[in-house]
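User: Could you take a close look at one helix pairing for me, and then at a couple of spots elsewhere in the chain?

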Amino acid sequence: MDFDFPLRKIIHVDMDAFYASVEQHDNPELKGKPIAVGGGSKRGVVSAASYEARKYGVRSAMSGFLAQRNCPDLIFVKPRYDRYKEVSLQIRSIFFEYTDLVEPLSLDEAYLDVTENKKGNPSATLIAQEIRQKILDKTGLTASAGISINKFIAKVASDYDKPNGQKTVNPEEVIDFLEVLDIRKFYGVGKVTAEKMYKLGIFTGKDLKTKSSDFLEDHFGKSGMYYYNVVRGVHLSDVKPHRIPKSVGAERTFSENLSSEIFMLERLEHIADELERRLAKSKIAGKTITLKIKYSDFTLQTRSKTLPYYVANKALILETAKELLYQQELHNSVRLLGISLANLNTEKKSMEKQSEPEQLSVQLKFDL
């Protein structure tokens with residue numbers, strides 16, 4: 001199939017159970033055992049789970065109580081974020097051996113554009129293999145990779161042969177690959193959206209492709225056009241080496257549920273203090289302040305206010321957060337509070353025109 005947009009050679013590298021794998025590597029006694037990184041107390045939440053634990057249904061964001069119930073032999077390990085960041089930087093240094101077009105999504109995954117690369121290697125597939133081997137040699141950890149013509153397909157492909165595998169989707173394979181794909185595997189389709197699609201008779205990429213752009217926009221709003229395009233292999237987002245944050249935030253989960261606003265105000269002050277430090281470190285300010293409230297029954301509520309000016313000062317942030325707290329009555333006792341700042345003064349940078357990648361003339365012979 002010929003595409004009427006520029007084809008790139010994109011690799012998505014995703015570390016396998018990163019936090020848990022780091023812990024198992026640093027402590028050999030944990031190898032082969034079901035472990036969860038996070039709190040195992042009554043109030044704890046799982047940050048990451050090893051593959052041994054995932055067999056029992058243990059997942060990130062699950063309560064420690066439920067995780068232990070699913071897997072009685074589960075071993076809880078306290079997170080060491082400084083260590084994860086250290087290993088992440090080692091991995092990232094390997095990426096930069098091949099290209100400067102590296103877009104980190106988190107500590108454990110990134111996109112790489114290797115269309116033009118420092119090694120002069122025309123094969124993105126071989127580059128991905130080399131990178132995964134170097135990561136293993138340098139850190140003792142395994143990574144999976146997806147290779148294709150754009151970020152969306154590369155991201156989907158990286159999950160295809162996990163753990164410690166890779167999948168290449170060549171240009172002539174893109175449509176067939178997407179048509180048989182379960183809609184739940186589409187990046188950007190969450191649990192709620194998948195259930196909605198099921199009710200509309202959309203179970204695979206082929207089903208999605210039968211729906212018009214108007215139909216998808218009617219049912220999924222702005223996301224409808226995204227779904228319409230990606231199922232046709234169209235995703236024009238470039239690999240952005242300097243990802244500009246859309247928001248900065250801080251939050252706390254409490255050891256005991258809070259039912260009094262007085263105690264919440266005290267906690268909000270600490271959270272605002274932490275947020276101010278993060279903003280100062282990044283030299284960022286914003287206009288939209290959002291208060292996040294998670295209740296004891298795990299329901300989540302957000303309340304936001306946009307100011308006419310940029311703020312980064314703790315006092316101004318806290319004043320608005322207090323106003324939002326008293327905006328309406330609380331539904332229940334509270335287990336988590338958070339404050340975030342969006343509508344940042346970095347938006348000018350994000351709106352700067354990016355250079356358009358050169359159109360590649362031979363499409364079907366575009367080997368990955």
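Analyst: Happy to; here is the pairing, followed by a helix face and a strand residue. This is a predicted model, where local features need pLDDT of at least 70, side-chain atom pairs count only at pLDDT 80 or more, and totals for chains, interfaces and linings use all residues. Residues are numbered from 1 along each chain as its sequence is written, and side-chain values use heavy atoms, with hydrogens and water left out.

Let's start with α12 (residues 261–282) and α13 (residues 314–325), whose axes lie 9 Å apart at an angle of about 145°. Axes here are lines fitted to C-alpha atoms over the stretch in contact, and angles run from 0 to 180 degrees between N-to-C directions. Contact means heavy atoms within 4.5 Å. On the α12 side, the residues involved include M264, L265, L268 and E269, and they meet a set in α13 that includes I317, L318 and K322. By class, this contact has ten nonpolar, no polar and six charged residues.

Next comes α11 (residues 223–230), with G224, Y227 and V230 buried, that is, under 20% relative accessible area with a 1.4 Å probe, protein chains only. Seen down the axis of α11, these buried residues fall within an arc of 140°, so they line one face of the helix. The arc is that of the directions from the helix axis to the C-beta atoms. Their cover includes α6, α7, α8, α9 and α10.

Finally, D113 sits in strand β6 (residues 109–113). D113 counts as buried because its relative accessibility is 5%. Leaving out residues up to four places away in sequence, D113 touches R8, K9, I10, T99, L101 and V239. Helices (H or I, at least four residues) and strands (E, at least two) are DSSP runs, numbered from the N terminus.

Methods:
Buried means under 20% relative accessible area, exposed over 50%, partly exposed in between (1.4 Å probe, protein chains only). Ala, Val, Leu, Ile, Met, Phe, Trp, Tyr, Cys and Pro count as nonpolar, Asp, Glu, Lys and Arg as charged, and the others, Gly among them, as polar.
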